[in-house]
Amino acid sequence: MQPLLYIQLNMQLVLQNIIPVPLKEKLLQRSSSIWNKQLLFKKGEWIKINAPSGSGKTTFIHTLYKLRNDYEGTVQYDEKDIRQINANDLAVYRQQKISIVFQDLRLFPNITARENIELNRVMQTPLYEENKIDEMAEIVGVAGILQQRAGLCSYGEQQRIAIIRALIQPFDWLLMDEPFSHLDKDNIAKAAALIAAECTKRNAGFILTDLDEDAHFNYSRKLLL
Amino acid sequence: MNKLLKKLIKAASGRTRFVMAVIGLSVALILIFAAVQVQSNYDELLHSKTNQDSVANFLVLNKVLNKDTYGHASISNDDITKLKQQSFVDEVGILTPSRYKASVESYSNKFPFSTEISFEAVPSEFIDVNSKEWNWNENSNFIPMIAPNMFLDFYNFQFSFSQNLPQLTQDVVKMIVFKVNIQTANGKISFNGRIVGFSDRITSLLVPQSFMDWANQYSGNTQATQQPSRVIIKTKDPGNPLLVQYLKDNGLTTDADKTRFSKYRQIVNVVVNISGGTGIIMLVFALLIFTLFIQLTIASCKSEIELLITLGASPKQLQRFLIKQFYPSNIIIIVIALIIMSVLQFVAHGFLQQQNIFVSWFISITTIAVAVAMALILFLTNYFTIKKYIAVKQ
């Protein structure tokens with residue numbers, strides 16, 4: 001039984017009554033299926049979180065990515081409280097276990113689009129060869145701007161670069177904060193197909209937050225923030 | 001990864017600041033290396049030739065004899081105690097003079113020879129002649145003697161010519177048995193005596209201390225002073241300016257030639273202290289500028305470093321990268337300073353050789369060791385500065 005149990009626990013996320021301190025009063029007045037609740041996200045689950053404006057969507061994503069510590073309750077990776085993870089272990093998690101597409105993208109504006117992606121590819125032992133960048137860029141329609149400085153690309157292009165950057169590295173969980181906000185239907189479909197393929201390949205789960213309902217993926221769970 | 005990091009983390013714009021730090025560090029290192037090198041060259045000059053060493057390290061001291069000290073030039077027990085306490089004195093030995101009349105004559109008619117003589121005795125540890133015969137007891141009729149080389153030189157190169165006598169080698173002299181007469185209260189006593197060795201250390205005819213004590217006791221001359229008038233000291237460095245100053249202050253004198261290094265030593269000390277002191281001060285400033293430069297670079301790339309860590313770069317990765325950015329320039333500076341030092345040493349070697357002063361043509365091991373120590377200090381400075389400022393960014 002032990003090994004099986006271990007496999008089930010591998011890279012599962014456990015949230016125990018988390019609530020951000022600055023938003024505590026406001027959020028407790030609303031009904032939420034996440035804030036101040038106990039949740040377990042198993043590996044491989046595709047989770048959609050519908051989050052109306054002001055419900056703490058970005059706060060939630062940042063909390064899971066350990067970018068902020070101003071919350072009550074605990075978040076656990078592999079049964080380990082993420083508050084206890086030190087800086088060097090955290091780097092290992094971010095390189096190998098958890099990838100992210102930020103709402104504000106966070107590309108380096110002064111290096112090219114390709115270099116932004118390449119950086120994430122070589123930060124750890126590379127999962128893919130370099131030509132995978134071209135392959136993914138071709139699929140989402142940004143192959144032409146890879147040599148441009150990221151700061152000069154349009155927001156929609158930057159969004160797709162950020163998606164490729166997140167997909168080029170190994171991960172068990174992919175966090176996405178409004179990843180398609182600046183894409184048209186056609187491009188959303190292409191990007192979603194690529195994300196679905198990459199997650200399936202890794203047997204990885206994702207948590208996607210967005211303002212509205214959508215049917216971009218075959219979600220295993222939908223929650224309201 | 002490093003190629004991309006290089007694009008993101010550019011050295012801070014203060015290029016002049018960096019150049020200044022490099023120049024400052026170079027000059028500081030050259031001064032420090034020069035101080036160490038000059039000191040080791042001096043040490044080499046002082047200690048290289050072991051034969052000189054044995055002469056140089058033993059000094060016979062006596063009071064300066066002038067109208068003030070006339071008649072009481074003996075060295076008191078207080079003087080000896082004080083001398084023993086000086087840091088530059090390793091050991092003090094008392095030279096015991098004979099208080100009886102003595103004469104030496106030859107047994108051979110072919111080589112008629114007779115002279116009045118006096119002896120001195122000194123504790124065995126101050127004697128540089130190793131001879132099994134160097135002992136005496138009351139039952140012994142044989143007195144071993146050690147003569148200064150100077151005596152034989154005087155005989156061979158002056159006296160023998162004037163008296164039409166043959167020249168004698170050390171080995172020949174050592175074979176001659178003399179008749180030694182001493183005058184005691186009970187009359188004249190004769191012994192057989194022979195030179196068992198020659199020395200440069202003490203310029204008088206030496207006999208074993210046991211014989212000297214016995215003979216002085218039986219001499220019956222109770223009037224003569226019991227106080228020694230000469231002492232011998234052992235010192236690590238007869239060129240030590242402290243020693244020279246002490247002798248001067250206490251009205252003592254010795255063979256001036258042996259302390260001639262004192263003046264050079266003072267000059268060397270001044271050079272080493274100024275050069276080393278300036279070097280260390282400059283090093284501190286150069287380190288400070290380097291530290292500031294690293295700090296500035298990290299501060300100017302604050303947002304990039306933050307985002308890199310957000311994306312999963314580990315602080316260790318970034319620290320390693322930054323060390324690689326900054327430390328090699330330090331190593332290059334050290335190597336350049338060492339090369340300049342080597343050239344200077346080589347030039348000094350050639351120049352001093354013309355003055356008959358021989359120093360090594362290459363820099364000393366000590367200098368290289370100091371360079372390695374500097375490399376370590378610089379590494380630690382780099383490492384801790386980077387570690388501190390990267391850690392703050394989390």
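Me: A polar contact is a pair of N or O atoms within 3.5 Å; within protein, one must be able to donate a hydrogen and the other to accept it, and sequence neighbours count only if both atoms are side-chain atoms. How many residue pairs across the interface of chain A and chain B are in polar contact?

Reply: The rule finds 7 such pairs, both residues at pLDDT 80 or more. This is a predicted model: local features need pLDDT of at least 70, side-chain atom pairs count only at pLDDT 80 or more, and totals for chains, interfaces and linings use all residues. Residues are numbered from 1 along each chain as written, chains are lettered from A in the order written, and side-chain values use heavy atoms, without hydrogens and water.

Me: Which side chains meet in a salt bridge?

Reply: Look for a side-chain nitrogen of Lys or Arg within 4 Å of a carboxyl oxygen of Asp or Glu. Across this interface the rule finds 1: A:E115 with B:K7, at 2.4 Å from N to O.

Me: How many residues does the contact take from chain A and from chain B?

Reply: With contact meaning heavy atoms within 4.5 Å, chain A gives 19 residues and chain B gives 17. In chain A, A:N88, A:F108 and A:M123 lose the most area to chain B, together 33% of what that side buries (accessible area, 1.4 Å probe, lost on being put together).

Me: Where is empty space left inside?

Reply: Rolling a water-sized probe over the atoms shows this. A cavity is a set of points on a 1 Å grid over the protein atoms alone where a 1.4 Å probe fits but cannot get out. Here, 3 cavities of 30 Å³ or more turn up. Residues with an atom within 4 Å of a point line the largest cavity, including B:K63, B:D79 and B:Y246.

Conventions. Buried area = accessible area lost by both parts, 1.4 Å probe. 1 Å grid on protein atoms, 1.4 Å probe; cavity = no way out; pocket = protein on both sides within 12 Å on 5 of 7 lines; lining within 4 Å. Points joined across faces, edges and corners; volume = space filled by probe spheres on them.
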